[in-house]
Structures are given as structure tokens and as C-alpha cells.
Amino acid sequence: MSICDDTLLCNFPKCRTKLSGFAWVTACSHIFCDQHGSGEFSRSPAICPACSSALSGKLDIVRTELSPSEEYKAMVLTGLRPDIVLDISTRALAFWSYQVHQERMYQEYSLSRAEAQLKQMDKVLSQQNQSRELELTAMRGEIASLKKVMDEYKRKYSEVSERLMERNRQYQKLQGLYDSLRLRNMVVGVGEGDSLTKPGLQDFSRGVPWQGSPPRTPQFLSDGEGRLFSCLETDGAKTFFQFSSPTKEKSQRIIRKH
């Protein structure tokens, strides 16, 4: 605020509105808006809200008009000696200068307080940025390690996939061989069954008709040594009952040696 500004501010704490119309002026060089002045100075004893000074004099508190009429200006100092007029003007200018000085000090105080808060906020912000950078670095390291683990899993997955594909190929090959062998056995089994059950059919591999032999009833005969044999066996072929025991054959060989 400069000396040429034509508007003062209310000195009531937390008000600081621009004054207009009527204002309350105190002997301690403070000025208040009409609202707060009427509220504060209506009780007795009156106390200045700005400096807590006691205002007990008759002219310690004056309600004045900030924009007086031309008639008031023409008559307020009329008839006073020049020295009185100068004295009144000097005191009015001193009041104005004091208000300007107080306002400048308040603005400087507010600026220094704001700068201190700004420095504090900058410090907190720098600390937060450092912590965020540390967290970001840790997260980047974790991401890198997770990428390595993921690459390792991908490599293992590709190896397992290749093995699985190879096993599938082997399985398909074995399945094809198994199906072909089963089909071949089925064809052979069907062919043999037809040749055994249907006499007179030709053997397609040799071109010779199949000669079925009539069924015979087995007859068991004795050879004098208590062994039985079937007459259905071919000549010179031994039956189960014609095989002598190993102990008997061994004793016969020993007798022959002696």
C-alpha cells in the first residue's frame, strides 16, 4: 500500500476489508469498519481490538465519515488559525502514514510466513520425492527380477511344450501301429475262423480246397506197462501218457552203461 492509496483496511483481526462510508478511529491510531467498530465499542470500558489499549477518554473513539460532503469540508476547519490547521493536517497525515507502515509490516510478515511455509512444503515435497524415487527404484528392481523369472518360466514352458509335442507324435505313431496290428489280427482271426467252420472252402493262398476230416471218437489203449494212449494220435507221436518219468529214464541209462 502506497501513501497515495485512498482506501484503508479494517484493523480488526480476520476482517481486513476495504473501508468505505463510515469508520471508527481510535486514539491509538487504529481504524475499524462500521460493523466491527459498532460491535466492539458499544460496551464499556472500550478496548481496542488491535492493540488491547483502554479507550476511556471522550474523544478516544470517533466515528467519522470517510467521504464527507463538500459543505463539511468547507466548514470543518473554518475559523481555525493556520498553525492549528497545519497541526490537525500533520496529525491526520501521521495517522495515514502509520496505517500504511502497519500494512506494509503486515504484508511483509505474511510474505515471510508464506515463504517459510513454502520452504517447509518444498522440504516435505523433496522428502516425498526421494521416498518415491526409492520406492520406484525398488519396484523397477522387482519388475526386472519378475521378468527374469517369467523368462525362465517361458523357457521351461517351451521345453515342456516341445517334449509334449514329441510325446504326442510318438503316441500317434504307436497308436497307428497298434490300430494296424489290431486290424491285421482281426482279419487273420476272421479268416481262420471261416476256414475252420466251413469245410470245402478253398485256401486262397495255395488254391487247394480244404479237406475236412471226419470227427473220430478217441480210443484209449494199453501197452502192457500200464500206460494209455489214444488211437487218434499219429504213428510215432507220443502222447502225454507215453512220456516216462525222468527217474525211470535215468535208471534205464545207468543199467545200459553197466
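## Close-up views of a predicted model

**View 1. The chain as a whole, in a predicted model.** Take the contacts between residues at least 6 apart in sequence: 36% of these join residues at least 24 apart. The chain has 258 residues, and 10% of them count as buried. As for the outside, the accessible surface comes to about 21600 Å², with 58% of that area belonging to carbon and sulfur atoms.

**View 2. Helices and strands in order along the chain.** The tally here is four helices and nine strands. Follow the sequence from its start and you meet two strands, a helix, three strands, two helices, four strands and then a helix, or β-β-α-β-β-β-α-α-β-β-β-β-α for short.

**View 3. The largest pocket, at about 1200 Å³.** What sits closest to its centre? Out of 29 lining residues, that would be V25, T64, E65, A92 and F95. Four elements each give two or more residues to this lining: the strands β1 (22-26) and β5 (61-65), plus the helices α2 (70-76) and α3 (82-197). Helix α3 puts in the largest share, with seven residues. Sort the lining of the largest pocket by class and you get 17 nonpolar residues, seven polar ones and five charged ones.

**View 4. The second largest pocket, with about 300 Å³ of space.** Seventeen residues line this one, and N11, R16, H30, Q102 and Y106 are the closest to the centre. How does the lining of the second largest pocket divide by class? There are 10 nonpolar residues, four polar and three charged. As a general point for pocket views like these, rolling a probe the size of a water molecule over the atoms shows where empty space is left.

**View 5. Confidence along the chain, and two stretches with pLDDT below 50.** On average the chain has a pLDDT of 79, and 71% of the residues score at least 70. Residues 201-212 are one of the weak spots, with pLDDT below 50; in the model this stretch makes 11 contacts beyond near neighbours in sequence. Residues 225-244 are another, with pLDDT staying under 50. For residues 225-244 the model has 29 contacts beyond four places in sequence. A word of caution when zooming in: where pLDDT is low, the predicted coordinates should not be read in detail.

Note on methods. Residues are numbered from 1 along each chain as its sequence is written. This is a predicted model: local features need pLDDT of at least 70, side-chain atom pairs count only at pLDDT 80 or more; totals for chains, interfaces and linings use all residues. Side-chain values use heavy atoms; hydrogens and water are left out. On a 1 Å grid over the protein atoms alone, a cavity is a set of points where a 1.4 Å probe fits but cannot get out, and a pocket is an open set with protein on both sides within 12 Å along at least five of seven lines; lining residues have an atom within 4 Å of a point. Grid points are joined across faces, edges and corners, and a volume is the space filled by probe spheres set on the points. Ala, Val, Leu, Ile, Met, Phe, Trp, Tyr, Cys and Pro count as nonpolar, Asp, Glu, Lys and Arg as charged, and the others, Gly among them, as polar. Buried means under 20% relative accessible area, exposed over 50%, partly exposed in between (1.4 Å probe, protein chains only). Contact means heavy atoms within 4.5 Å. Accessible areas come from the Shrake-Rupley method with a 1.4 Å probe; for residues, only the protein chains shown count as cover. pLDDT is the predictor's confidence in each residue, from 0 to 100.
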